[in-house]
Amino acid sequence: MQQDERLKIWIEQGNVSISQLFFQHYKQLLISDSDAMVILHIIAFQGEGKHFPTPTDIANRMQQQEKDITDSLQRLMQKGIFSIVQSTDEHQVLHERFSLLPLWERLLEIIAKNQAQITEQQQQNDEGEIFSLFEQEFGRFLSPMECETIGMWIDKDGHSAEIIRAALREAVLAQKMSLRYIDRILFEWKKKNVRTMKDVERQVQSFRPVAAATVTQQTTKKSIKRVPFYNWLEERE
C-alpha cells in the first residue's frame with residue numbers, strides 16, 4: 001500500500017475531538033483513568049454514527065472484559081457523568097443514545113468554581129496588602145483601632161481593596177494622612193455609588209477644575225507650586 005493511500009485512509013477515518021478541559025479536570029470529577037477511556041470510546045462511536053454503543057462494542061476495543069465495561073458505565077451514570085436520552089424517528093421507532101451534556105456541564109462548573117477560588121484568594125491577598133500599604137504611607141505601625149477601622153471598610157462597608165488604595169492615594173496627594181480623612185472620602189464615594197476605578201477617575205476629575213482654580217488663585221499671590229487636590233472633609237452637594 002502506497003503512502004498516499006495510507007494517508008487517505010487515515011483522513012477518511014476521521015478524528016475524535018474532545019476539549020482539553022476533560023483531560024485537565026476529569027480527576028476532579030473522580031473519574032478513573034479506565035472510566036475516562038470508556039468515555040473517549042463512547043465519543044468515538046458517536047462520531048461514527050453509533051450513538052448507543054453496547055458494553056460488548058466498547059470491550060472489543062479495550063483490554064477489558066464486558067463486565068468491567070458494564071460496571072464502568074454504571075459508575076459513570078451514578079456519578080451523573082452522562083445520561084441516556086430516548087427519541088423516536090419518523091417511523092415511531094424508539095432510539096436511545098448516550099448524552100454527555102451532564103459531563104460538559106460539570107466541567108464548566110469546575111472551571112467556574114476554580115476561577116471563583118482564584119478570585120477570592122486574590123481578593124484576600126489584596127486586602128492583606130492594604131494594611132502594609134497604610135503602614136508604608138503612614139511611616140509607622142497601625143494601631144489596633146486603625147486596623148479595625150480598615151477592616152470595617154472592607155467587611156462592613158463593602159469597599160474593595162483597589163477603592164481603598166485610591167482613597168489613600170487621594171489623602172497622600174492632599175497631604176492629609178489620617179483615617180478620618182480617608183473615611184470621609186470613602187463615605188462620599190459610597191454615597192455617589194463609586195465602585196470601580198473608572199468611577200473613581202470620573203469622581204476625582206469632576207473636582208479637579210475646582211481644585212486647580214483654587215491653586216491658581218493661591219499661586220498668583222505666592223510663587224509656590226502645589227499639587228491640586230479636593231478637600232473631601234469640606235461639605236459639598
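## Salt bridges, cores and ring pairs

D199 counts as buried, because its relative accessibility is 17% and the cut-off for buried is under 20%. The model is predicted.

**Salt bridges**

D199 has a charged partner: R202 forms a salt bridge with D199, with 2.4 Å between the closest N and O atoms. Both residues sit in helix α10, which spans residues 197–221. They are three residues apart there, about one turn of the helix. R202 is exposed at 52% relative accessibility, as the threshold for exposed is over 50%. The bridge thus joins an exposed arginine to a buried aspartate.

How many salt bridges does the structure hold? The count is nine. Side chains of opposite charge can pair when their charged atoms come close. Three of the bridges are set out here, each with its N to O distance.

| Salt bridge | N to O distance |
|---|---|
| R140 and E146 | 2.7 Å |
| E188 and K192 | 3.1 Å |
| R202 and D199 | 2.4 Å |

In the R140 and E146 bridge, the arginine is partly exposed, at 38% relative accessibility. E146 is buried, at 13%. The E188 and K192 bridge can be read in the same terms. E188 is buried, with a relative accessible area of 5%, whereas K192 is partly exposed at 34%. This bridge does not stand alone: a network of salt bridges links R184, E188, K191 and K192.

**Nonpolar cores**

In soluble globular proteins, nonpolar side chains tend to be buried together. Here the largest nonpolar core has 25 residues. Which of its members touch the most others? They are F22, I31, V38, I39 and L103. Four helices each supply at least two residues of this core: α3 (33–47), α4 (55–59), α5 (66–78) and α6 (101–138). Helix α3 gives the most, with seven residues.

L103 shows how the contacts run. Leaving out residues up to four places away in sequence, L103 touches F22, L29, I31, I39 and I81. Another core lies apart from this one. That core has 24 residues, including F134, I150, I185 and V200.

**Aromatic pairs**

The model has six aromatic pairs. One of them joins F52 and F98, with ring centres 4.7 Å apart. Their planes meet at 35 degrees, so the pair is tilted. F52 lies in the loop between α3 and α4, while F98 belongs to strand β2 (residues 94–99). The pair therefore ties together parts that are 46 residues apart in sequence. Are these two rings buried or exposed? F52 is partly exposed at 30% relative accessibility. F98 is buried at 4%.

F98 also pairs with F82. Here the geometry is edge-to-face, with 5.0 Å between centres and 85 degrees between planes. F82 lies in the loop between α5 and β1 (83–88), and F98 in strand β2, so this pair ties together parts 16 residues apart in sequence. F82 is buried, at 4% relative accessibility.

Elsewhere, ring pairs link F22, F23 and Y26 into a cluster. F22 is thus named twice: in this cluster and among the core residues that touch the most other members.

**A charge over a ring**

Where does R61 lie relative to F45? R61 lies over the face of the F45 ring, 3.9 Å from the ring centre.

Technical notes
Residues are numbered from 1 along each chain as its sequence is written. This is a predicted model: local features need pLDDT of at least 70, side-chain atom pairs count only at pLDDT 80 or more; totals for chains, interfaces and linings use all residues. Side-chain values use heavy atoms; hydrogens and water are left out. A salt bridge is a side-chain nitrogen of Lys or Arg within 4 Å of a carboxyl oxygen of Asp or Glu. Buried means under 20% relative accessible area, exposed over 50%, partly exposed in between (1.4 Å probe, protein chains only). A nonpolar core is a set of buried Ala, Val, Leu, Ile, Met, Phe, Trp, Tyr and Cys residues joined through side-chain atoms within 4.5 Å. Contact means heavy atoms within 4.5 Å. Rings of Phe, Tyr and Trp (its six-membered ring) pair if their centres lie within 6.5 Å; planes under 30 degrees apart count as stacked, over 60 as edge-to-face and the rest as tilted. A charge sits over a ring if NZ of Lys or CZ of Arg is within 6 Å of the ring centre and within 35 degrees of the ring normal.
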